[in-house]
Structures are given as C-alpha cells and as structure tokens.
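Work through the exercises below with the model open beside you. Try each task before you read its solution.

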Amino acid sequence: MEMFSKILTLTAEHLALAYGSLAISILAGIALAVASLYNRKLAVVIITLANLVEAIPSFAVVALVVPLMGIGFRPAIVAILFRALLPIIKNTYIGLKNVDAAYLEAAKGIGLTNFQILKVIRFPHAYPPMFAGIKFAAILTNGIAVLTAIIGSGGLGKLVFEGLASFNVKKIIYGIIPVMLISLATEVILTLAEKKITPAALRKQA
Amino acid sequence: MLSEIFQLWDMHKLGLRTLEHLSMFGLAMIFSIFLGIGIGIVLYTNKKISNTVFNILNLIQVIPTLALLVLLLPLLGLGKLPTVVACILYSVLPIARNTYSGLANIGKDYIETGKAVGLSGKDILIKIRIPLALPLIAGGIRIAVVFTIGVITLGGLIAAGGLGAPLQTGIHLYDKPLILFTGIWVGLIALIFDGIGALGEKLLKKRYHYGNV
C-alpha cells in the first residue's frame with residue numbers, strides 16, 4: 001500500500017516533468033516552425049541543428065546538461081526540451097513547406113490572406129508529419145524523463161535507479177510499467193487527436 | 001588542456017570503453033540489418049501478416065529505451081547481452097518498415113518491363129525491387145545506427161560497459177571534465193556514424209534512384 005502511494009506520487013512527478021516539457025516543446029516548436037517558414041536562414045539553422053541533435057544519444061544530452069546547469073528538476077527540463085523541441089520543429093516545418101503549390105495558388109486566387117492560408121491550407125495538410133514529430137517527441141520525452149532521475153529530477157525513473165542500485169527487480173518493474181502505460185496512452189490519444197482535428201476531406205489521404 | 005584530456009582518457013580507460021561500445025554496436029547492427037531486411041522481404045511476400053507484425057514492432061517502439069533495457073534484465077541478466085538485444089529490438093522496425101515500403105513502392109514501368117522481358121516474380125524481386133529499394137533500406141539502417149548508439153550508451157547503466165559507464169561515473173562523482181569530455185566524445189561518435197550512413201544513403205540514391213521510389 002505504501003508502495004502504491006509512492007508510485008502515484010512519482011507518476012505525478014513524471015507527468016509534470018515529461019508533459020510539462022512536452023507542452024512547452026509543442027507550443028514553441030510550432031511557433032518556431034511557422035517563423036522558419038518565412039525566414040530561410042532560421043530554417044537552415046533549425047534543420048541542421050535538428051539533424052545533429054537527432055544523432056546524439058539522450059543519455060549524452062542528459063549528462064552534458066550537468067556541467068552546464070548542475071543537477072535537479074530544472075536542468076532535467078532543459079535536457080528534455082532540447083531533445084523534444086527539434087523533431088517537432090523539423091517535422092512541422094517540413095509539413096508546412098511541402099504543401100502542393102496548386103492549393104496555395106488557388107487559395108491566393110480566392111483572396112485568402114497569408115494568415116488564412118496558413119490556418120486553413122498549410123496546417124491541415126501538415127498534420128500527418130507534424131503529429132509524427134509530436135509522437136516521436138512524446139516517446140523521447142517519456143524516455144528521457146526516466147533517465148533524468150539520475151540527475152535528481154525525481155519521477156518514476158527514481159524507482160528504476162533505486163532498483164538498479166540494489167538489484168531490486170520488483171522496484172524496477174514498478175517504475176517501468178507506469179511509464180510504458182503512459183507511453184502507450186499518449187500514442188493512442190495523439191492518434192485520436194490527429195483524426196479528430198484533420199478536416200474530413202483530408203482524412204482519406206492520412 | 002591536451003594533457004588533461006590524455007589523463008582523463010587513461011584514468012577512465014576511455015579507449016577500452018570506446019572499443020566496447022563499438023563492438024556492441026557492430027554486433028547489434030549486423031543482427032538488426034539481417035533481421036530487418038529479412039523481415040521486410042518476408043512481410044512483402046506475405047502481405048496478410050504484415051499488418052499484425054508491424055503493429056507488434058510499433059508497440060516495441062513506444063516503450064522508452066531504458067524501460068525496454070530494464071525489462072530484459074530479469075530475462076537476460078545484467079551486461080552486454082540485454083543491451084545488444086534491446087538495440088536489435090529497436091532497430092529491426094525502421095529497417096523492416098523501410099525495406100517493406102521500398103519493395104512495395106517501385107514504379108510500375110520497371111515491373112512491367114521486367115515482366116515483358118520474361119522475368120519471374122522471384123527474379124523481379126531480386127533483380128528489380130531489391131536494388132531499387134536499396135536507398136530506402138539504407139535510410140532505415142541510418143535510423144537504426146542512431147538508435148543503437150543511444151541504447152548502448154544506456155547500457156552503461158546496467159553494467160554493459162561502453163561509453164555510458166564513464167558518463168555515469170561522471171554524473172555520480174559530479175566530475176565535470178569527465179562528463180563534458182565523454183559526452184562530447186559520444187556525441188561525436190554518433191555524428192560520425194550518422195555521417196557515414198548519410199554518405200552511404202546518398203551514394204545508393206545516386207546509383208539506384210531513378211526518379212521514383
């Protein structure tokens with residue numbers, strides 16, 4: 001029973017850590033993707049950086065935050081943001097950019113403003129890669145939020161590392177199972193959300 | 001500066017750690033490439049089961065890396081074996097998926113031409129579909145390379161050695177130079193291998209990419 005309440009507390013911590021960062025990443029990522037759409041230089045910098053960061057192991061990112069920011073909750077958030085932000089920006093940007101020119105011309109032809117084109121044409125067409133990026137980022141975030149327990153962020157990873165230190169397999173499993181369930185739930189929720197917000201006319205393609 | 005790095009390198013046996021890292025990397029890549037391409041081809045010739053198998057592989061992909069690694073502990077114990085197995089489990093999906101979609105999305109003209117000159121289904125697979133799918137397969141392998149380097153780093157946490165071990169030591173001892181140097185070194189290795197993968201993909205595209213796929 002005591003274990004159960006501990007798991008609940010740590011799950012809440014994990015959710016705050018992982019999904020707080022993910023929410024920031026999504027908002028900032030979409031904003032930056034839109035900005036890169038209108039600024040080629042920013043786009044080049046972001047895509048290059050995203051490709052670089054995608055190759056670097058999460059554990060290295062987590063470790064590299066330590067000399068720069070110390071340990072605790074805040075450095076953990078920075079590590080997660082750094083890792084999650086770039087795939088979201090990259091995928092959203094690619095989605096927004098690769099809209100069939102015919103649609104854009106047609107939209108201009110009927111007199112839509114740039115903002116309207118972004119809202120009703122570019123975004124709906126960009127949903128599939130955008131959601132793929134967000135899903136990827138969500139899984140990464142979940143994984144890194146476990147890892148950051150090694151630098152004192154708390155959360156479910158704490159149980160895992162306590163278990164690893166004492167070879168207590170039960171403890172490790174107690175820590176891991178909620179993480180997996182959260183991961184699966186996120187995947188399902190994001191898939192449903194994507195279906196829901198995609199306009200009916202575009203659903204078949206996706 | 002340079003002498004400090006040499007001292008770090010010696011003290012934490014980073015040369016040995018790098019070799020450990022690369023040997024696990026090589027082993028995992030060999031298995032996942034054969035397995036991934038094999039599964040991709042089998043599923044392509046067996047479309048009925050492909051959805052089910054891909055769903056199972058997708059499910060594995062959703063599990064966070066450390067979680068998968070740790071779940072293998074009760075089955076395989078500590079050390080190198082669970083690390084390599086986790087790498088393979090993660091890497092098979094991108095390779096299999098890319099192989100499958102590479103084989104499936106060949107321009108109709110090529111297939112028609114193949115049929116017209118009298119190639120059998122098997123010949124078309126071997127002489128047309130597989131060569132044309134190579135750039136996409138290489139793309140999948142590149143994703144797997146990145147995953148594998150990452151999972152091996154985590155292996156340091158379950159006593160597999162490799163470059164994750166000095167990172168972990170650094171974090172525990174709050175040894176900033178060790179963390180910085182090892183972190184950058186791991187990042188560099190990952191980038192080098194990703195770069196090699198990119199180069200291979202590019203060469204194959206140049207050789208086999210005829211405008212569709």
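A salt bridge here is a side-chain nitrogen of Lys or Arg within 4 Å of a carboxyl oxygen of Asp or Glu. The structure holds seven of them over all chains. Keep in mind that this is a predicted model.

**Exercise 1. Describe the fold of chain B.**

Solution.

Step 1: count the elements. Chain B has ten helices and zero strands. Its pattern along the sequence is therefore α-α-α-α-α-α-α-α-α-α.

Step 2: take the dimensions. The C-alpha trace of chain B spans about 70 × 40 × 20 Å along its principal axes.

Step 3: check burial. Of the 213 residues in chain B, 49% are buried. The chain exposes about 10,300 Å², and carbon and sulfur atoms supply 69% of that area.

Step 4: look at contact range. Take the contacts in chain B with a separation of 6 or more. Residues 24 or more positions apart account for 78% of them.

**Exercise 2. Characterise the interface of chain B and chain A.**

Solution.

Step 1: count the residues. Chain B brings 35 residues to the contact, and chain A brings 34.

Step 2: get the area. About 2,800 Å² is buried between the two chains, with 90% of it from carbon and sulfur atoms. Val62(B), Pro64(B) and Ile171(B) supply 20% of the area that chain B buries against chain A, more than any other three residues.

Step 3: look for polar links. The rule finds zero salt bridges across the interface of chain B and chain A. It finds one residue pair in polar contact there, both at pLDDT 80 or more.

Step 4: assign the helices. Six helices of chain B each supply at least two residues of the side that touches chain A: helix 3 (47-62), helix 4 (65-71), helix 5 (73-76), helix 8 (121-155), helix 9 (164-173) and helix 10 (176-208). Helix 10 of chain B gives the most, with ten residues.

Step 5: sort by residue class. The side of chain B that touches chain A divides into 25 nonpolar, eight polar and two charged residues.

**Exercise 3. Which parts of chain A does the salt bridge of Glu54(A) and Lys90(A) tie together?**

Solution.

Step 1: check the distance. The closest N and O atoms of Glu54(A) and Lys90(A) are 3.5 Å apart. The cut-off is 4 Å, so the pair qualifies.

Step 2: place both ends. Glu54(A) lies in helix 2 (residues 40-55) of chain A and Lys90(A) in helix 4 of chain A, so the bridge ties together parts that are 36 residues apart in sequence.

Step 3: compare exposure. Buried means under 20% relative accessible area. Lys90(A) has 14%, so Lys90(A) is buried. Glu54(A) has 26% and counts as partly exposed.

**Exercise 4. Contrast two salt bridges in chain B.**

Solution.

Step 1: take the pair within one helix. Glu20(B) and Arg17(B) meet in a salt bridge at 3.0 Å, N to O. Both lie in helix 2 (residues 14-45) of chain B, three residues apart, about one turn of the helix. Glu20(B) is buried at 15% relative accessible area. Arg17(B) is partly exposed at 23%.

Step 2: take the pair between helices. The side chains of Glu201(B) and Arg142(B) meet at 3.1 Å, N to O. Glu201(B) lies in helix 10 of chain B and Arg142(B) in helix 8 of chain B, so this pair ties together parts 59 residues apart in sequence. Glu201(B) is buried, at 14% relative accessibility. Arg142(B) is partly exposed, at 25%.

Step 3: widen the view. Arg142(B), Asp194(B), Glu201(B) and Lys205(B) are linked in a network of salt bridges.

**Exercise 5. Is Ile130(B) buried or partly exposed, and what does Ile130(B) touch?**

Solution.

Step 1: locate the residue. Ile130(B) lies in helix 8 of chain B.

Step 2: classify. Its relative accessibility is 24%, so Ile130(B) counts as partly exposed.

Step 3: list the contacts. Not counting residues up to four places away in sequence, Ile130(B) touches Ile41(B), Leu103(B) and Leu125(B).

Step 4: add one distance. The C-alpha atoms of Ile130(B) and Gly102(B) are separated by 7.9 Å, although the two residues are 28 residues apart along the chain.

Terms used. Residues numbered from 1 in each chain as written. Chains lettered and ligands numbered in written order. Heavy atoms only, no water. Contact = heavy atoms within 4.5 Å. Buried area = accessible area lost by both parts, 1.4 Å probe. Polar contact = N/O pair within 3.5 Å; in protein donor to acceptor, adjacent residues only side chain to side chain. Helix = DSSP H or I, 4+ residues; strand = E, 2+ residues; numbered from the N terminus. Nonpolar A, V, L, I, M, F, W, Y, C, P; charged D, E, K, R; others polar. Buried < 20%, exposed > 50% of the residue type's maximum accessible area, 1.4 Å probe, protein only. Areas by Shrake-Rupley, 256 points an atom, 1.4 Å probe, with all protein chains shown as cover.
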